[in-house]
Amino acid sequence: MKRTFGILLIIMAIIAAFPCKALAVNTEDILNKIVASDGSSSDFFGYAVASSGTKVVIGAWGDNVFGSYSGSAYVYDLSSGVLADVLASEIKLTPRDGASSDRFGYAVSISGDTVVIGAERDDDRGSVSGSI
């Protein structure tokens with residue numbers, strides 16, 4: 001109990017020493033809004049998002065490209081800062097063996113030019129075994 005109380009006091013001291021300021025975001029400050037060029041209802045575009053440098057990968061696990069909830073992911077290059085250029089750079093990724101309910105794009109990651117995409121319900125190794 002003493003240790004927990006001591007840790008709590010340390011946390012409170014840190015918070016007092018470094019107060020946080022509220023961050024207010026004005027919608028006029030949003031530079032771009034990205035939507036999938038072929039998006040439709042229940043795609044869940046944007047459920048998973050990752051960025052590295054000027055590249056962004058966005059998961060859309062509800063996309064119906066290979067059946068209901070088979071999923072997809074999109075990669076964009078934001079280097080130009082112009083929305084038209086960003087949308088023109090859109091690359092849509094889908095798995096070779098995509099199937100209904102795979103949910104490809106449920107988790108995404110990017111580092112440099114390497115993109116990793118999770119399909120949480122892929123069943124290649126058994127029911128809902130998942131894959132990357």
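The exercises below work through one protein chain in a predicted model, each with a solution that goes step by step.

Residues are numbered from 1 along each chain as its sequence is written. In this predicted model, local features need pLDDT of at least 70 and side-chain atom pairs count only at pLDDT 80 or more, while totals for chains, interfaces and linings use all residues, and side-chain values use heavy atoms, with hydrogens and water left out.

**Exercise 1. The chain as a whole**

Task: State how many helices and strands the protein chain has, and in what pattern they follow along the sequence.

Solution. Step one is to count the elements: the protein chain has two helices and six strands, where helices (H or I, at least four residues) and strands (E, at least two) are DSSP runs numbered from the N terminus. Step two is to read them in order, which gives the pattern α-β-β-β-α-β-β-β. Step three turns to burial: of the 132 residues in the protein chain, 25% are buried, with buried meaning under 20% relative accessible area, exposed over 50%, and partly exposed in between (1.4 Å probe, protein chains only). Step four takes the surface: about 9000 Å² is accessible, and 58% of this belongs to carbon and sulfur atoms, the areas coming from the Shrake-Rupley method with a 1.4 Å probe, where for residues only the protein chains shown count as cover.

**Exercise 2. The surroundings of D43**

Task: Locate D43, and find which side chain of opposite charge is nearest to D43 and which residues D43 touches.

Solution. Step one places D43 in the loop between helix 1 (2-17) and strand 1 (45-52). Step two looks at charge: D43 is buried yet has no salt bridge, and the nearest side chain of opposite charge is K92, 6.6 Å away. Here Lys and Arg count as positive and Asp and Glu as negative, with His and the chain ends not counted, and a salt bridge is a side-chain nitrogen of Lys or Arg within 4 Å of a carboxyl oxygen of Asp or Glu. Step three finds a polar atom of the D43 side chain 2.9 Å from the backbone nitrogen of S40. Step four lists the contacts (heavy atoms within 4.5 Å): leaving aside residues up to four places away in sequence, D43 touches D38, A60, W61, G62, D63 and N64.

**Exercise 3. Salt bridges**

Task: Give the count of salt bridges, and describe the pairs K92 with D63 and K55 with D113.

Solution. Step one is the count, which comes to five salt bridges. Step two takes K92 and D63, whose side chains meet in a salt bridge at 2.9 Å, N to O. K92 lies in strand 4 (residues 91-93) and D63 in the loop between strand 2 and strand 3 (72-77), so the pair ties together parts that are 29 residues apart in sequence. D63 counts as buried because its relative accessibility is 8%, whereas K92, at 30%, is partly exposed. Step three widens the view, since D38, D63 and K92 are linked in a network of salt bridges. Step four takes K55 and D113, whose side chains meet at 3.5 Å, N to O; K55 is in strand 2 (residues 55-60) and D113 in the loop between strand 5 (104-111) and strand 6 (114-119), and the two are 58 residues apart. D113 counts as exposed at 68% relative accessibility, while K55 is partly exposed at 27%.

**Exercise 4. S100 and its partners**

Task: Decide whether S100 is buried, partly exposed or exposed, and find which residues S100 touches.

Solution. Step one places S100 in the loop between strand 4 and strand 5. Step two assigns the class: S100 counts as partly exposed because its relative accessibility is 41%. Step three gives the contacts, which, not counting residues up to four places away in sequence, are F66, G67, S68 and S70. Step four adds that the side chain of S100 reaches the backbone oxygen of S68 at 3.1 Å, and that the C-alpha atoms of S100 and D63, 37 residues apart along the chain, are separated by 9.7 Å.

Notes: Polar contact = N/O pair within 3.5 Å; in protein donor to acceptor, adjacent residues only side chain to side chain.
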